[in-house]
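Take a moment to look over the sequence and the 3D structure below. Then let us walk through them together, one piece at a time.

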Amino acid sequence: MAPSSYQAPSRGDKADKKTHSQSVESNLSHSLTTVAKLLEGKGDAVFSLRPNDTISHAVQILKDKHIGALMVTDQNGKLQGILSERDIVRRMAETPGQTLPQEVSALMTSDVVTCAPDDALMDVLKRMTEGRFRHMPVVADDNLCGMITIGDVVNFRLKELEYEALRMKQMIVG
């Protein structure tokens, strides 16, 4: 039995109060987050090499920088392709003992899927998942201005969720 001071809520109670857990803003905020916002925190550093560099050189950069892919650019910095660890491993299986002296241009992906700074992160994540690739160059006005990974996008979204959960907890407690 409920204490005598208890009064069950009635239909008009708290009608003027708005909840935040199901607002359009909270439900759609993650879909409105852009690549530019992610790059603000990550930075725009891009590691690249030239098409005529050797795979041996590429492997050394990947190892030294602790990264999984390199942009391939011309002398003006224009994107020509992308070379990933996966590309190298596959070629090593095809040409054992002969891969390292080969040129980057022989292994790189030339038809590169890119995104723009204004693209929504959730759209980019969807394209990366559907295309089954983990690295995406960011291009604005035909200029390479960064690279994001699927890990960057997932980590960024997890931080957003943690922040949203903390805000909701503060609203409930406060």
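Two residues are said to be in contact, or to touch, when they have heavy atoms within 4.5 Å. Keep that in mind as we go. What you see is a predicted model, in which local features need pLDDT of at least 70 and side-chain atom pairs count only at pLDDT 80 or more, while totals for chains, interfaces and linings use all residues. Residues are numbered from 1 along each chain as its sequence is written, and side-chain values use heavy atoms, with hydrogens and water left out.

Let us begin with the overall plan. The protein has six helices and five strands; here helices (H or I, at least four residues) and strands (E, at least two) are DSSP runs, numbered from the N terminus. Along the sequence, these elements come in the pattern α-α-β-α-β-β-α-α-β-β-α. How much of the protein counts as buried? The share is 30% of the 174 residues, where buried means under 20% relative accessible area, exposed means over 50%, and partly exposed lies in between (1.4 Å probe, protein chains only). The accessible surface comes to about 11800 Å², and 53% of that belongs to carbon and sulfur atoms. Such areas come from the Shrake-Rupley method with a 1.4 Å probe, and for residues only the protein chains shown count as cover. Among contacts between residues at least 6 apart in sequence, 56% join residues at least 24 apart.

Now find the three-stranded sheet. This open sheet has the order E1-E2-E3, with mixed pairing; two strands pair if DSSP finds at least two bridges between them. Strand E1 (48-49) and E3 stand at the edges, each with a single partner strand, so one side of each has no neighbour in the sheet. E1 and E2 run parallel and are joined by two bridges, and Ser-48 stands opposite Met-71 in E2. On the other side of the pairing, strand E2 (residues 69-73) and strand E3 (residues 79-84) run antiparallel, with five bridges between them. E2 and E3 form a hairpin with five residues between them, and Gly-77 in its turn has a positive phi of about 85 degrees.

One residue of strand E2 deserves a longer look: Thr-73. Is Thr-73 buried or exposed? Its relative accessible area is 3%, so Thr-73 is buried. The bridge partner of Thr-73 in E3 is Leu-79. Leaving aside residues up to four places away in sequence, the residues that Thr-73 touches include Ser-48, Leu-49, Pro-51 and Leu-144. The side chains of Thr-73 and Arg-50 also share a polar contact of 3.0 Å. A polar contact is a pair of N or O atoms within 3.5 Å; within protein, one must be able to donate a hydrogen and the other to accept it, and residues adjacent in sequence count only if both atoms are side-chain atoms.

A second hairpin awaits further along the chain. Strand E4 (residues 135-140) is mostly covered, with five of its six residues buried. Six bridges link E4 to strand E5 (residues 143-149), and these two strands run antiparallel. Val-139 has Leu-144 in E5 as its bridge partner. The loop between E4 and E5 holds Asp-141, whose phi is positive, near 50 degrees, although the residue is not glycine. Asp-141 has a relative accessible area of 74%, which means that it is exposed.

Arg-132 lies in the loop between helix H5 (121-131) and E4. Arg-132 is not a glycine either, yet its phi is positive, about 60 degrees. With a relative accessible area of 68%, Arg-132 is exposed.

Finally, turn to the helices. Thr-34 sits in the loop between helix H1 (24-32) and H2, and its 22% relative accessibility makes it partly exposed. Which residues does Thr-34 touch, apart from those up to four places away in sequence? They are Pro-117, Asp-118, Asp-119, Ala-120 and Leu-121. Helix H2 (residues 35-42) packs against helix H6 (residues 150-173) at an angle of about 90 degrees, with the axes 11 Å apart. Axes are lines fitted to C-alpha atoms, for helices over the stretch in contact, and angles run from 0 to 180 degrees between N-to-C directions. H2 and H6 are therefore roughly perpendicular to each other, a label used for angles of 65 to 115 degrees, with under 35 counted as roughly parallel, over 145 as roughly antiparallel and the rest as oblique.
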